[in-house]
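Please open the model in a viewer and keep the sequence panel at hand. The stops below proceed from a single side chain to helix packing.

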Amino acid sequence: MVSTMFGDDSSMPSSPRQGFPGSVTPDYVPFQVWDSLQALLSAIGVGEKSATIIGATFQWFLRDLTGMLGGILFTLYQGSNLDSNAKMWRLVADLMNDLGMLMDLLSPLFPSAFIFIVCLGSLSRSFTGVASGATRAALTQHFALQNNAADIAAKEGSQETMATMIGMALGMLLARITTGNPVAIWFSFLSLTMFHMYANYKAVRCLTLDSLNFERSSILLQHFIESGQVLSPKEVSTMEHVLPLWTTLRLSKSAKPLLTNVKLGLRVSTLDHSEIPFIDIVANSSYIVTLAKYLLVERKGTVSVVVHKDSTAEDILKSYIHALVMVNLTVEQKSLHLECQSWMDKHYESFVQKLKLAGWKAGRLLSHSIIWKAHWSLGEKTD
């Protein structure tokens with residue numbers, strides 16, 4: 001009777017845990033792992049038409065957390081480059097902001113990948129926040145000729161507030177016009193985004209920075225070697241790149257600029273024992289020049305700079321210019337370090353003076369933070 005009411009015990013499937021793993025097929029474990037993962041994501045709301053309040057909260061928490069972590073990592077890896085490449089990062093910041101908005105618009109169209117897409121958008125906007133804020137400070141300092149950076153920042157903030165208010169009004173009007181028409185909505189978004197990027201590009205192109213970074217120093221030195229004259233900040237502003245250099249190099253078939261073959265801040269421990277640069281050594285087609293506050297190491301057309309721990313801003317600028325001269329002579333004359341030193345002795349001071357007369361701030365080089373520095377007993381250079 002018991003067997004009739006509840007069924008025969010022998011017909012009930014046993015738990016997979018009994019006799020595991022011999023009681024299940026080999027694909028049982030990986031299937032359960034991935035099935036549990038998708039069940040977890042479904043509970044959060046991924047792929048579901050309706051999600052719980054907790055699931056929705058977790059989605060936005062995960063989005064914001066991704067953005068926060070992205071901002072921290074971006075600052076860690078690129079923070080020291082924002083000053084030296086303010087124009088480029090200003091444009092990149094706006095591009096990443098537009099990309100983040102595009103991700104937000106696309107996310108509802110792909111429910112199964114909703115979290116992934118909104119996290120990408122949040123990550124993109126986190127880069128924008130860091131880069132935009134940092135470059136804004138650098139550009140405000142550039143604009144302030146009378147130590148009035150705070151006044152300029154306050155007025156710029158008011159201008160942006162007014163522009164934002166006007167933009168919100170126009171946005172609401174556009175939303176009313178395009179309501180219920182997906183084609184019009186996407187056309188409006190894409191066309192306005194393109195115009196937004198064009199306006200940012202033109203704004204960055206208008207900037208005439210008078211500080212020396214890697215690219216501007218390279219442009220100035222190449223022109224000086226060829227003509228003996230120094231370009232003005234306005235002239236250089238039309239020649240320098242406002243997009244990352246690797247993007248323009250792929251599109252251009254011209255020779256790579258000198259700066260791509262210079263590495264500032266070489267770690268001494270990466271040198272071979274035969275290359276410890278306390279004397280001039282020629283070995284394996286490598287030329288090492290010993291100077292007071294920096295050392296130059298040339299290998300296969302790439303010149304690396306070892307910086308002394310007591311080097312000043314002027315020393316770092318001089319070391320970089322010297323490295324550029326060595327790269328230039330390597331390309332043209334197969335390079336001898338004595339020729340590079342001869343050029344520096346004859347022309348460097350004149351080059352710096354002409355930079356100052358042309359309106360350049362020639363007291364320092366805007367560069368990334370030089371982490372690796374070395375110590376050695378300073379002495380006279382040996383030829």
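Is Trp343 buried or exposed? Select Trp343 in this predicted model: its relative accessibility is 14%, and because the limit for a buried residue is under 20%, Trp343 counts as buried.

**The whole chain**

Zoom out to the full protein of 383 residues, of which buried residues make up 36%. In cartoon view, twelve helices and seven strands can be traced. Of the contacts between residues at least 6 apart in sequence, 69% join residues at least 24 apart.

**Aromatic pairs**

Next, display the aromatic rings. The protein has six aromatic pairs. One of these pairs joins Phe224 and Trp343, whose ring centres are 6.1 Å apart. The planes of Phe224 and Trp343 stand at 90 degrees, and the arrangement is edge-to-face. Colour helix H8 (residues 214-227), which holds Phe224, and helix H12 (residues 337-357), which holds Trp343. The pair therefore ties together parts that are 119 residues apart in sequence. Phe224 is buried as well, with a relative accessible area of 6%.

Then select Phe74, Trp89 and Phe127, which together form one aromatic cluster.

**Helices H4 and H7**

Show helix H4 (residues 86-106) together with helix H7 (residues 182-206). Their axes lie 9 Å apart at an angle of about 170 degrees, so H4 is roughly antiparallel to H7. By class, this contact has eleven nonpolar, three polar and four charged residues. On the H4 side, select residues including Leu91, Leu95, Met101 and Leu102, along with Lys87, Arg90, Asp94 and Asp98. On the H7 side, the contact residues include Trp186, Phe189, Met197, Tyr201 and Val204, and also Thr193, His196 and Asn200.

**Helices H5 and H6**

Finally, show helix H5 (residues 114-143) and helix H6 (residues 149-178). How do these two helices cross, and at what angle? Their axes come within 9 Å and cross at roughly 120 degrees, which means that H5 is oblique to H6. The crossing of H5 and H6 is right-handed. To see the contact, select Arg136, Thr140, Gln141 and Phe143 in H5, then Ala149, Ile152, Ala153, Glu156 and Glu160 in H6. The residues of this contact divide into four nonpolar, two polar and three charged.

Technical notes
Residues are numbered from 1 along each chain as its sequence is written. This is a predicted model: local features need pLDDT of at least 70, side-chain atom pairs count only at pLDDT 80 or more; totals for chains, interfaces and linings use all residues. Side-chain values use heavy atoms; hydrogens and water are left out. Rings of Phe, Tyr and Trp (its six-membered ring) pair if their centres lie within 6.5 Å; planes under 30 degrees apart count as stacked, over 60 as edge-to-face and the rest as tilted. Helices (H or I, at least four residues) and strands (E, at least two) are DSSP runs, numbered from the N terminus. Buried means under 20% relative accessible area, exposed over 50%, partly exposed in between (1.4 Å probe, protein chains only). Axes are lines fitted to C-alpha atoms, for helices over the stretch in contact, and angles run from 0 to 180 degrees between N-to-C directions. Angles under 35 degrees count as roughly parallel, over 145 as roughly antiparallel, 65 to 115 as roughly perpendicular and the rest as oblique. A crossing is left-handed if the near helix is turned anticlockwise from the far one by less than a right angle, and right-handed if clockwise. Contact means heavy atoms within 4.5 Å. Ala, Val, Leu, Ile, Met, Phe, Trp, Tyr, Cys and Pro count as nonpolar, Asp, Glu, Lys and Arg as charged, and the others, Gly among them, as polar.
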